[in-house]
Amino acid sequence: MKGLPSLERAVVVLSRFPGVGPKSARRMVYHLLRRGDEAILDLVTALEGLRERIRPCERCHNLSEGALCWICSDPSRDQTRLCVVEEPSDLLAMEKAGLFRGVYHVLGGRLSPLDGIGPDALHLASLESRLQAGGFVELILATNPTVEGEATAHFVAQLAESVVARVTRLAHGVPMGGELEYLDESTLYQALIGRRNFRFDP
Ligand SMILES: [Zn+2]
């Protein structure tokens, strides 16, 4: 390592973040050094908080600061609708959309046999027990529209088949603000397959 070892180490660690290259990592480090001890302590305290307090929700595997996450412990959520997502960040994206008032199950990834991720690597056993316990009228498959996400959705659908009356999948389609001529074929194909009656209530 060239330069000051402590500084270079911080650059290496920060550049491991998604979307952060060595150049922006270096900018972050210089920024912290410029702002002094207080800024660095703020960061350290925030990171320690992550390590000490954040853990998986015992029911849905969302990130939580207690045994149950803020969704599982909210009595106003509809306990009869279950939405299955890959990661806690997908759950947050769904929550941002603001329409879904049910509860979640976070799988912790998606099936990817080529990467050695089989059913045992995901939170499928706990999902199965939740489904078997009954009480769900709808299961929403909100895994990503990728080959692995689709395979995972099919796998989960099979688990739910005999116990949940309605199994639905997020529609794939034309993004808001998108233009047809710029869409790839498979997106347009899926949008056409998933077409629905116009001016129909969702
Ligand atoms: Zn939870």
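Colleague: Which residue takes a positive phi just after α2?

Modeller: This is a predicted model, and its helix α2 covers residues 22–35. Just after α2, the backbone takes a positive phi of about 90 degrees. The residue with that angle is G36.

Colleague: How far apart are the end C-alpha atoms of helix α2, and what span should its 14 residues have?

Modeller: The expected span is 1.5 Å times one less than the number of residues. For the 14 residues of helix α2, the span should therefore be 20 Å. The end C-alpha atoms agree with this, for they are apart by 20 Å.

Colleague: Where is H61, and is H61 buried or exposed?

Modeller: H61 has a positive phi of about 70 degrees although it is not a glycine. Its place is in the loop between β1 (55–56) and β2 (63–64). A residue counts as buried if 20 or more other C-beta atoms lie within 10 Å of its own. Because H61 has 22 other C-beta atoms within 10 Å, H61 is buried.

Colleague: In what order do the four strands of the open sheet lie?

Modeller: The pairing in this sheet is parallel. The edge strands, each of which pairs on one side only, are β4 (103–106) and β6 (166–169). From one strand to the next, the twist averages 25 degrees. The order is β4-β3-β5-β6.

Colleague: What is the bridge partner of V84 in β4?

Modeller: Strand β3 covers residues 81–85 and runs parallel to β4. Four bridges join these strands. In β4, the partner of V84 is H105.

Colleague: What angle does the direction of α6 make with that of β5?

Modeller: Helix α6 packs on the sheet and touches β3, β5 (138–141) and β6. Angles between N-to-C directions run from 0 to 180 degrees. The direction of α6 makes with that of β5 an angle of about 170 degrees.

Colleague: Is E150 buried, exposed or partly exposed?

Modeller: E150 has its place in helix α6, residues 147–160. The class in between applies when the count is neither 20 or more nor 12 or fewer. With 17 other C-beta atoms within 10 Å, E150 is therefore partly exposed.

Colleague: How far apart in space are E150 and I71, C-alpha to C-alpha?

Modeller: In sequence, E150 and I71 are 79 residues apart. In space, their C-alpha to C-alpha distance is 25 Å.

Colleague: How far apart do the C-alpha centres of domain 1 and domain 2 lie?

Modeller: The domain assignment gives domain 1 as 5–53 and domain 2 as 78–170. The distance between their C-alpha centres is 35 Å.

Terms used. Residues numbered from 1 in each chain as written. Predicted model: local features only at pLDDT ≥ 70, side-chain atom pairs only at ≥ 80, totals over all residues. Helix = DSSP H or I, 4+ residues; strand = E, 2+ residues; numbered from the N terminus. Pairing = 2+ DSSP bridges. Contact = placed C-beta atoms within 7 Å. Domains from an automatic or database assignment.
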